[in-house]
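Visitor: I would like to learn how to read a model like this one, feature by feature. Could you take me through it, giving the general idea before each case?

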Amino acid sequence: MTEFLQATINGFATGAIYALLALGFVIIYKSSEVLSFAQSGLMILGAFWVVYFSTVLELNFWVALLLGIILSALIGVVIERSMLRPMVGKPAFSVAILTIGLNIALTVIGFDLIGVEIRSLGDPWGIQVVQMGDLVVSRKDLATIVSSVIVVGSLLAFFRYTRFGLAMRATAIDQETALAQGIPVARVFAVAWAIAAGLATIAGVFLGAGTGVSAAIGVRAIRALPAAVIGGLDSIPGAIVGGLIIGLAESYTVTYQSEYLAFLGQNFSTAVAYVVMFLVLLVRPYGIFGTREVVRV
Amino acid sequence: MLEVANLEVVYHDVVLVLRGISFRVPDGKIVALLGANGAGKTTVLRAISGLLDVHHGDITKGEVRVDGTPTHKLTPTAIVGTGVTQVMEGRRIFAEFTVEENLRVGAHSSPGERTDNLSRVFDLFPVLKERRKHTAGYLSGGEQQMLAMGRGLMSNPRFLLLDEPSLGLAPLLVQQIRDLIVEINSQGTAILLVEQNATMALSIAEHGFIMETGKIVMDKPADELMRNEDVQEFYLGLGGAGTERKSFRDIKHYKRRKRWLS
């Protein structure tokens, strides 16, 4: 039982990170119908900025985090303005390929900046653990879960209550009508990219917290894509649930696979996200919360 | 004064939809724009409110002016800022939103006056106040049209462009919508009314234009249009000169005669 609880908490922590990345993906897709594969690139770059501010410039970690998020958001806006704006009206496929290229570029830049060694974030959690009864929970995991809840909660409140959040939702439903109401749709796209880049930075920081930021975190970020797909690309609750499902599935696989399914070999946990995605898509091709496409045959 | 001067619009760089349209909507008046399907009425509205881009349309000649200042190069957001708001055909409400959220979206461009505009809209459409927390998609057709008009009014426009507000509504509701248009107008908003329902439009408009394949073929005060024989025959369904049933030969005649000479 302890083992199970332990795995669940770990799963929630990883799941929260996936959820943050998947949320960025969904927000961009919903507002501008662009499939952005650049999330992991944005994350690596964002994590690097935080490393830079906190260890090279030796700022307080929280200040560094805030600056990193702001800088990433600005980079997101610049990317949207310079690369995606000219692609408005072009086929979705071309735009998706563009973001793949963008991801490669961002990743290479990120790798180059980070370098070969593992860079410490200077975060306050380190590798300390909290003992809760029989459970051993790392402080980093707790921080991840708590911060993700706060971030996601404030994001949902932003979409629900603020003028611009409402405008973003309206744009997601019907761009032309939104334009007719005087909503600056171009600015909505830019803000979507800013939010996505900011979320990616937070995710990167929690992936790198404790153990440190290395180029390898990008590989894990790619698994946020199955999370978004499972939830159904255009659903914000879907991204959160999808992220948690992937996180839990990975964590349970790490804990139990060697015991029950040893023939699958080591490190099967890295593949389990895709297996889950495959199974979900078999049953619900539009994802768990996604809008069902109505197609007349 | 909202002016359209010599407007020429091309879709997809090849389809010439408007071929030199000119008309004006004076402050505080109701002006009707009539015409058959495909005449280009909606395109005129899109050109005014800056929504041509979405449909791959371009203004190749001419101007749209609000109080003498050209607005056809502005973004839709800026155009709403100049006091011109379009209520699109088919209502296009945000179905998943509540009534109030729909209205809040309409107020995006003028957040400062939101409360004032909201109470004005609720006065005009009491039914929306009753249902402010309801999901907009579940409203009846007439209520949705009211919501669409109310949403347009939330930006407190000086010129409201209404695209077929009577579309798909029962006759009684059409009357109600007509009365509401008169009411909105009496509060000082000028209205450009695009309609298929010519009887309704001409009964409240001051002036009317008739469009055919991208041109304005008639431009007269509304009561003169009402009395015009051709308009009666083609738009008001009054059977023109004779009231007896038409033979097939008369239908040919109809086609011949439907070349406006004014």
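Guide: Let us begin with pairing, for which one term is needed: two strands are said to pair if DSSP finds at least two bridges between them. The model is a predicted one, and in it strand β9 (residues 207-212) of chain B pairs with β10(B) in the antiparallel sense over six bridges. Within that pairing, B:I210 has B:M218 in β10(B) as its bridge partner.

Visitor: What do β9(B) and β10(B) form, and how many residues lie between them?

Guide: β9(B) and β10(B) form a hairpin with two residues between them, and in the turn B:T213 has a positive phi of about 30 degrees.

Visitor: In what order do the strands of the six-stranded sheet in chain B run, and what is the sense of the pairing?

Guide: The order is β6-β7-β8-β3-β9-β10 (chain B), the sheet is open, and its pairing is mixed. Because β6 and β10 (215-221) of chain B each have a single partner strand, they stand at the edges, and one side of each is left without a neighbour in the sheet. From one strand to the next the twist averages 15 degrees. Helix α7 (residues 171-186) of chain B packs on this sheet, where it touches β3 (30-35), β7 and β8 (190-195) of chain B, and its direction makes about 155 degrees with that of β8(B).

Visitor: Which way do the residues of the edge strand β6 (residues 84-87) of chain B point, and are they buried or exposed?

Guide: The general idea comes first: in a regular strand the side chains alternate between the two faces of the sheet. In β6(B), B:V84 and B:Q86 point one way while B:T85 and B:V87 point the other way, and all of them are buried. The pairing of β6(B) with strand β7 (residues 159-163) of chain B is parallel and runs over four bridges, with B:F159 in β7(B) as the bridge partner of B:V84.

Visitor: Which strands make up the four-stranded sheet of chain B?

Guide: That sheet is also open, with the order β2-β1-β4-β5 (chain B) and antiparallel pairing. Here β2 (15-25) and β5 (69-70) of chain B stand at the edges with a single partner strand each, so one side of each has no neighbour in the sheet. Strand β1 (residues 2-11) of chain B and strand β4 (residues 57-66) of chain B pair in the antiparallel sense over eight bridges, and B:E8 stands opposite B:K61 in β4(B).

Visitor: How should I read a positive phi in a residue other than glycine, such as B:R91?

Guide: A useful habit is to ask where the residue lies and how many neighbours surround it. For B:R91, phi is near 70 degrees, and the residue lies in the loop between β6 and α3 of chain B; B:R91 is buried because 24 other C-beta atoms lie within 10 Å, the cut-off being 20 or more. A:E33, which is not a glycine either, has a positive phi of about 55 degrees and lies in the loop between α1 and α2 (39-56) of chain A. With 15 other C-beta atoms within 10 Å, A:E33 is partly exposed.

Visitor: How many residues of each chain are in contact across the interface?

Guide: 15 residues of chain A are in contact with 21 residues of chain B. On the side of chain A that touches chain B, α6 (163-173) and α7 (175-180) of chain A are the elements that give two or more residues, and the residues of that side divide into eight nonpolar, four polar and three charged. Several residues of α6(A) are buried, among them A:L166, A:M168 and A:R169; what covers the buried residues of that helix includes α1 (2-32), α5 (139-161), α7 and α8 (185-208) of chain A, together with α3 (99-106) of chain B.

Visitor: What is the radius of gyration of chain B, and how confident is the predictor?

Guide: Chain B has a radius of gyration of 19 Å, which agrees with the value near 18 Å for a compact globule of 262 residues. As for confidence, where pLDDT is low, the predicted coordinates should not be read in detail. The mean pLDDT of chain B is 88, with 90% of its residues at 70 or more, and the model scores ipTM 0.86 and pTM 0.87.

Definitions and conventions. Residues are numbered from 1 along each chain as its sequence is written. Chains are lettered from A and ligands numbered from 1 in the order in which they are written. This is a predicted model: local features need pLDDT of at least 70, side-chain atom pairs count only at pLDDT 80 or more; totals for chains, interfaces and linings use all residues. The radius of gyration is taken over C-alpha atoms; the globule rule is 2.2 Å times the number of residues to the power 0.38. A residue is buried if 20 or more other C-beta atoms lie within 10 Å of its own, exposed if 12 or fewer, and partly exposed in between; C-beta atoms are placed from the backbone. pLDDT is the predictor's confidence in each residue, from 0 to 100. Two residues are in contact if their C-beta atoms, placed from the backbone, lie within 7 Å. Ala, Val, Leu, Ile, Met, Phe, Trp, Tyr, Cys and Pro count as nonpolar, Asp, Glu, Lys and Arg as charged, and the others, Gly among them, as polar. Axes are lines fitted to C-alpha atoms, for helices over the stretch in contact, and angles run from 0 to 180 degrees between N-to-C directions.
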